[in-house]
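Me: I am new to this structure. Please teach me how to read its features, one at a time.

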Amino acid sequence: MITNLSPSDEVFLANMNRVQRQVSGAGQQVSSGKRVNVASDAPDEIGAILQLRANMSQNTQMQTNLALAKTELDAADNALSSATTLMDRAITLGAQGANFTLDAAGRQSLALEIQSLHDQMLAISRTTVQGRYIFSGDADNAPAYAADAAQPNGVQRLSTALATRQVQDPAGGTFPVAKTAQDIFDSRNPDDTLAPGNVFAVLNKLSAALQANDTGLINTAVASLHQASDHLSNSQAFYGTVENRIQDATNYAASYNVQLRTELSQKEDADATSAALALNQGTLQLQAAFQMQGKMPRTTLFDFLG
């Protein structure tokens with residue numbers, strides 16, 4: 001290729017292009033705060049940078065999931081605390097009803113209060129958080145139970161969905177975060193008959209015994225109340241354990257997020273002082289070079305032949 005540039009001019013332009021690229025790169029680092037803005041800035045490091053960003057995105061999503069799970073777990077724990085209080089009241093009323101000095105009218109009154117406790121227990125099984133029924137397992141768009149006086153446990157089971165949802169632990173692995181209303185309030189034997197610790201059934205049984213004014217049945221129901229109370233306590237213990245794990249996972253995720261941000265910063269963030277210095281030096285070099293180039297003599301052999 002033929003040009004009108006002298007060899008010295010070509011060298012000058014090549015050097016200017018190099019310095020201008022350095023000035024442009026330094027300027028971009030100063031304005032963006034990043035040493036690596038495009039893949040060509042650090043081809044050998046771009047793979048590690050992209051992986052760190054992907055890890056940060058995944059960790060952020062896990063933090064979101066943990067926060068949502070904590071909200072539901074707090075609600076479940078509070079609901080079961082209320083359920084335990086109701087059961088304690090039922091045990092007290094059952095003991096009063098078993099007292100031989102109480103007459104039929106007194107037991108009728110107690111039966112009405114026990115029925116109220118049953119209704120409140122049913123309401124607890126239908127607890128919602130942000131429109132989701134937290135004790136309905138995977139079918140959390142609807143309640144799992146409705147009142148049905150014709151049933152031996154006083155309720156109708158509307159869903160048999162399991163609770164299969166698990167939360168990912170940033171430290172590794174996953175863990176379950178919920179139980180179903182059937183697990184908690186309507187425990188069953190393997191053959192699907194009502195288990196002795198069935199909360200709904202025990203309350204219903206006690207209410208019926210009090211209405212019948214039958215102290216034998218009342219004493220039997222009271223004994224079952226203690227089993228149901230223990231079952232509720234075990235369910236609440238499950239949620240307490242999961243809450244602790246959620247807190248540990250949340251703390252780990254926060255720490256891991258700091259670690260990832262630090263590693264990413266070390267790889268892609270610019271040294272603001274160095275970048276500003278390089279920008280200033282490059283600008284001065286360009287100015288000086290253009291001034292010197294302007295003072296260079298422009299005479300040629302033809303000037304002397306004229």
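Reply: We will go through salt bridges, a cavity, a buried serine and the nonpolar cores.

Me: What should I know before starting?

Reply: This is a predicted model, where local features need pLDDT of at least 70, side-chain atom pairs count only at pLDDT 80 or more, and totals for chains, interfaces and linings use all residues. Residues are numbered from 1 along each chain as its sequence is written, and side-chain values use heavy atoms, with hydrogens and water left out.

Me: How many salt bridges does the structure hold?

Reply: A salt bridge is a side-chain nitrogen of Lys or Arg within 4 Å of a carboxyl oxygen of Asp or Glu. The structure holds nine. Take Arg 165 and Glu 72: their closest N and O atoms are 2.6 Å apart. This pair links distant parts of the chain, 93 residues apart. Arg 165 sits in the loop between strand E4 (155–157) and strand E5 (166–168), and Glu 72 in helix H2 (residues 46–98). Helices (H or I, at least four residues) and strands (E, at least two) are DSSP runs, numbered from the N terminus.

Me: Is Glu 72 buried or exposed?

Reply: Use relative accessible area: buried is under 20%, exposed is over 50%, partly exposed is in between (1.4 Å probe, protein chains only). Glu 72 counts as buried because its relative accessibility is 7%. Its partner Arg 165 has 32%, so Arg 165 counts as partly exposed.

Me: Which other salt bridges can I look at?

Reply: Arg 132 pairs with Asp 140, with the closest N and O atoms 2.4 Å apart. Arg 132 is partly exposed at 25%, and Asp 140 is buried at 18%. Then find Asp 192 and Arg 157, which meet at 3.2 Å, N to O. That pair also spans distant parts of the chain: Asp 192 is in the loop between helix H4 (181–185) and helix H5 (199–212), and Arg 157 is in strand E4, 35 residues away. Asp 192 is partly exposed at 37%, as is Arg 157 at 26%. Salt bridges with shared partners join Glu 72, Arg 132, Asp 140 and Arg 165 into one network.

Me: How do I find empty space, and which residues line the largest cavity?

Reply: Rolling a probe the size of a water molecule over the atoms shows where empty space is left. On a 1 Å grid over the protein atoms alone, a cavity is a set of points where a 1.4 Å probe fits but cannot get out; lining residues have an atom within 4 Å of a point. There is one cavity of 30 Å³ or more. The largest holds about 50 Å³, a volume being the space filled by probe spheres set on the points, which are joined across faces, edges and corners. Its lining is Ala 69, Glu 72, Leu 73, Ala 76, Ile 134, Arg 165, Val 177, Ala 178 and Tyr 239. H2 gives the most, with four residues.

Me: Where is Ser 125, and what is it in contact with?

Reply: Contact means heavy atoms within 4.5 Å. Ser 125 lies in helix H3 (residues 104–125) and is buried at 0%. Leaving aside neighbours within four places in sequence, Ser 125 is in contact with Phe 135, Tyr 145, Ala 181, Phe 185 and Phe 200.

Me: Which residues have the most contacts inside the largest nonpolar core?

Reply: In soluble globular proteins, nonpolar side chains tend to be buried together. A nonpolar core is a set of buried Ala, Val, Leu, Ile, Met, Phe, Trp, Tyr and Cys residues joined through side-chain atoms within 4.5 Å. The largest has 49 residues, and Met 121, Phe 135, Phe 185 and Leu 232 have the most contacts inside it. H2 supplies the largest share, 13 residues.

Technical notes
On a 1 Å grid over the protein atoms alone, a cavity is a set of points where a 1.4 Å probe fits but cannot get out, and a pocket is an open set with protein on both sides within 12 Å along at least five of seven lines; lining residues have an atom within 4 Å of a point.
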